Amino acid sequence: MVAPWLNRRRLRFWAGRLAHMALVVLGIAVVNFFLLHLAPGDAAQVLAGEAGSATPEYMAALRRQFGLDQPLPVQFAQYLGNLLTFNLGFSFRHGLPVLELIGQRLPATLLLMTASIGFAVLAGSALGVVAARNAGRLADTLISTLALLFYATPVFWIGLVLVVVFSVGLDWLPVGGMTSVEAGYAGWDHVRDVARHLVLPAATLGLFYLAIYTRLMRAAMLEVTTQDFIRTAVAKGLKPRRIALRHVLRNALLPVVTMLGVQVGSILGGAVLVETIFAWPGLGRLAFEALFQRDLNLLLGILLCSSAVVVVVNLAVDLLYTVLDPRIELAR
Amino acid sequence: MTSNASRSLLLRAAALAAGAAALLGGTALAQSQTQAPRDGGTLTAIVQPEPVTLTSAINTAAPTGFISGNVFDGLVDYDLDLNPRPALAERWEVAPDGLSITFFLRKGVTWHDGHPFTSADVKWTLENVWKTIHPRNQATFGRVTRVETPDDLTVILRLSEPSLAILSSVNSNGAQVLPKHLYEGTDVLNNPHNLKPVGTGAFVFKEWSKGNHLILERNPNYWDKGKPHLDRVVFKVIPDAAARAAALEKGDVQYAVFSPVPLKDAERLGKLPGLKIETRGYEWISPWLFFDLNVDNQYLKDVRVRRAIAHAIDRKAISNIVWYGFAKPAISPVPSTLPAFHDASVPQYEFDVRKAEALLDEAGYKRGADGVRFALTHDFIPYGDDYKRTGEYLKQALKRVGIEVTIRSQDTAAFTKRVYGDRDFDISSAWFAAFSDPQVGVTRAYWSGWVGKNTPWTNGSGYRNPEVDALIAQAQGQARQEDRIATFKRIQQIVQTDLPSIPLAELKFFSVHAANLKDVVTHGDQIYGSLKDAWFDKAASN
């Protein structure tokens, strides 16, 4: 007796979907590998460049150390072999396995992204609902203008202004970093310390996202309001508040969820600018630096994890659609 | 060089007479004689970019040296006039024929893990690291044929030819001694201790949180009694220049080196009561900025065109305007900060647009109907805005004489491959460290053996002159310093006549430090040296 949720159709869906996902991730990895090897120069050259001086012997030693003296097909075969055994390889530049490096940076990235996206989704959606319900009135104009302003202002500029005002000027919050290492806090003091460091970067990043959610939510709400079933709801005498929350909001959530999926997918890519300005030890900076340093193993590893997350989140979003709107069905 | 040895003996005698080794460092600066250093406190400094490894013996990059110099000691360090001072070596002797150098090591020095430091460490590192892996020292120590260690505290280098450059690069950056007991028999480049170094220096490695911070702590068993004064040094990674300025201004960070903030911010920060701008401590590096002219280019192969470009450039404007005064016009590739070697009588190419135009006309490149003679590309060294602005200045300056310049930008890997590998460029810019002996830092820009070898920071112009090659080889093996100086002056005369590259400016890198942080610069190699003399006046800031 098969469990009712595990009927043939579902089984086929999951098998197909998972195979599809694995192929996509593998395909991305292959394309990345060759794309990145098109970049001029290699890691040995970058290291020698940074060292300020070099000899051919020194560079040959580095290339041997990095495995760069092997022909490209051999390097590719090694990389592929590693991948199929779930080994992301070794970053010679950092002298650490790629997985360990990603693991070191992951908590900081997750913290920053969760805080900023959470803030953006909640505050942005709320503002969007308020704007839609007051469409054309002062509140709407104010919210829309603010959202546009945050959206149009470059992230690094917002970040720097926040630093100048709240750190240097008012001295309320730290300039950057994730902890006050000098103080050596532990326990709750440490949590409070990290939270204080988190405020400005999360706000900077959140303000940009917030604008997107506000505008998306407002537009979706307005669109759904014109639908027939809303007229029906009004006709059967429901209270406006209930209509707004149960009928309009739920249906308006679809585009927001789509957007959320896209953004969560880019979590591992991190937020290079914000991480740079606030010296936040996240993955975005690691990937960005790896690119300039031609640390291809590391960069490929981050990109691979990133693509895996995108694929998984896509699946999650698809599943969420069916919950939000029962008319949508999963199909192969 | 016997004079150096006797000077070091004198210094040592003076220190012994004073009865306190601590005074040895203190006498370097007058200001510390007036105030007794106060112990304690945590110094927070900026390291940018984040180092790759923490041992300078295998990587000579600036951030590595900045931290590594605190964990390791050199055989010597250099005072502000670049005279060697005793460190791990208490004294040294150069044989009259120049064919051997003897270092007498300090007694009772231990590595941070408790192992004694001995002559075997020096011998092993010289044979297995300096002569093989070290990016710069293969040339410097190439003439060492044998290393003898008659006892634990004596190291004798036997040379095939005299090699006076050795004594100018045996500080902890130029020739870092690694602990043999931790490195012998391992793959040196991959040794885990490169990331958690064990040295003999004033500070002990504590922790490195990648992308975040790095912590060193006071070495309680340091051989230089009474030092270091600081309890802890925290190095923070702050990638954004504006954020670095904010952190310094707020006092979160008290020390940052290698021109850590944009030049236009430096002046403003220097006026704040709590901060000081310091340009000393870079003497050992002696950086100079130049344009490399690709002599294989159809226009630039004509020396008249190269001289015309030199005449079209106002080097004063580059120093004072483009570099905000943090530079001094250069006339020779050997900077004036190496007074013994610098030749002030080389051919000078004063700023004279008319002369430049006349030379271009003479070379046969008349202005076309649109006023343009020919077009060139410029690739600037991708180390930031200052070099880009220098390139923009070049574009303007050459436009005045009818040469159209297209500026191209790329990242470091692409740049070094383009210039030193593919040679696919017309004019490039770069800065080199001359170091305290031109053999170490300057000759690489002119020796023809480097052309097209894809080795960064070597001969970019493609200059090939057998006479210069011969002189470079000759200077390396000369036993008398006067003879070497004469050879280096001859080289300067020739290359400034042929002009494959145009020296623009002697760069003045600067450090920013808190005003209450004292004695942070006591050495000519300070940025690659130790913070053992530094101390906080009044309460340490946190």
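## A nonpolar patch on chain A

A:V164 sits in helix α7 of chain A. The model is predicted. Is A:V164 buried or exposed? Its relative accessibility is 52%, so A:V164 counts as exposed, the cut-off for that class being over 50%.

A:V164 is also one of the residues that make a nonpolar surface patch of about 770 Å². The other members are A:F156, A:W157, A:V161, A:V165, A:L170, A:W172 and A:L273. Which element gives the most to the nonpolar patch? That element is helix α7, which covers residues 155-169 of chain A and supplies five residues.

The rest of this report concerns the chain as a whole. Chain A contains 13 helices alongside two strands. Of its 332 residues, 45% are buried. When contacts between residues at least 6 apart in sequence are considered, 74% of them join residues at least 24 apart. The overall dimensions and surface of chain A are listed below.

| Property of chain A | Value |
|---|---|
| Span of the C-alpha trace along its principal axes | about 85 × 65 × 40 Å |
| Accessible surface | about 16,800 Å² |
| Part of the accessible surface belonging to carbon and sulfur atoms | 70% |
| Distance between the centres of the positive and negative side-chain sets | 17 Å |

The charge count behind the last row is 26 positive and 18 negative side chains in chain A.

Methods: Residues numbered from 1 in each chain as written. Chains lettered and ligands numbered in written order. Predicted model: local features only at pLDDT ≥ 70, side-chain atom pairs only at ≥ 80, totals over all residues. Heavy atoms only, no water. Patch = residues over 30% accessible without salt bridge, like charges linked within 9 Å, V, L, I, M, F, W, Y side chains within 5 Å. Areas by Shrake-Rupley, 256 points an atom, 1.4 Å probe, with all protein chains shown as cover. Salt bridge = Lys/Arg side-chain N within 4 Å of Asp/Glu carboxyl O. Helix = DSSP H or I, 4+ residues; strand = E, 2+ residues; numbered from the N terminus. Buried < 20%, exposed > 50% of the residue type's maximum accessible area, 1.4 Å probe, protein only. Contact = heavy atoms within 4.5 Å. Lys, Arg positive; Asp, Glu negative; His and termini not counted. Charge placed at Lys NZ, Arg CZ, Asp CG, Glu CD.
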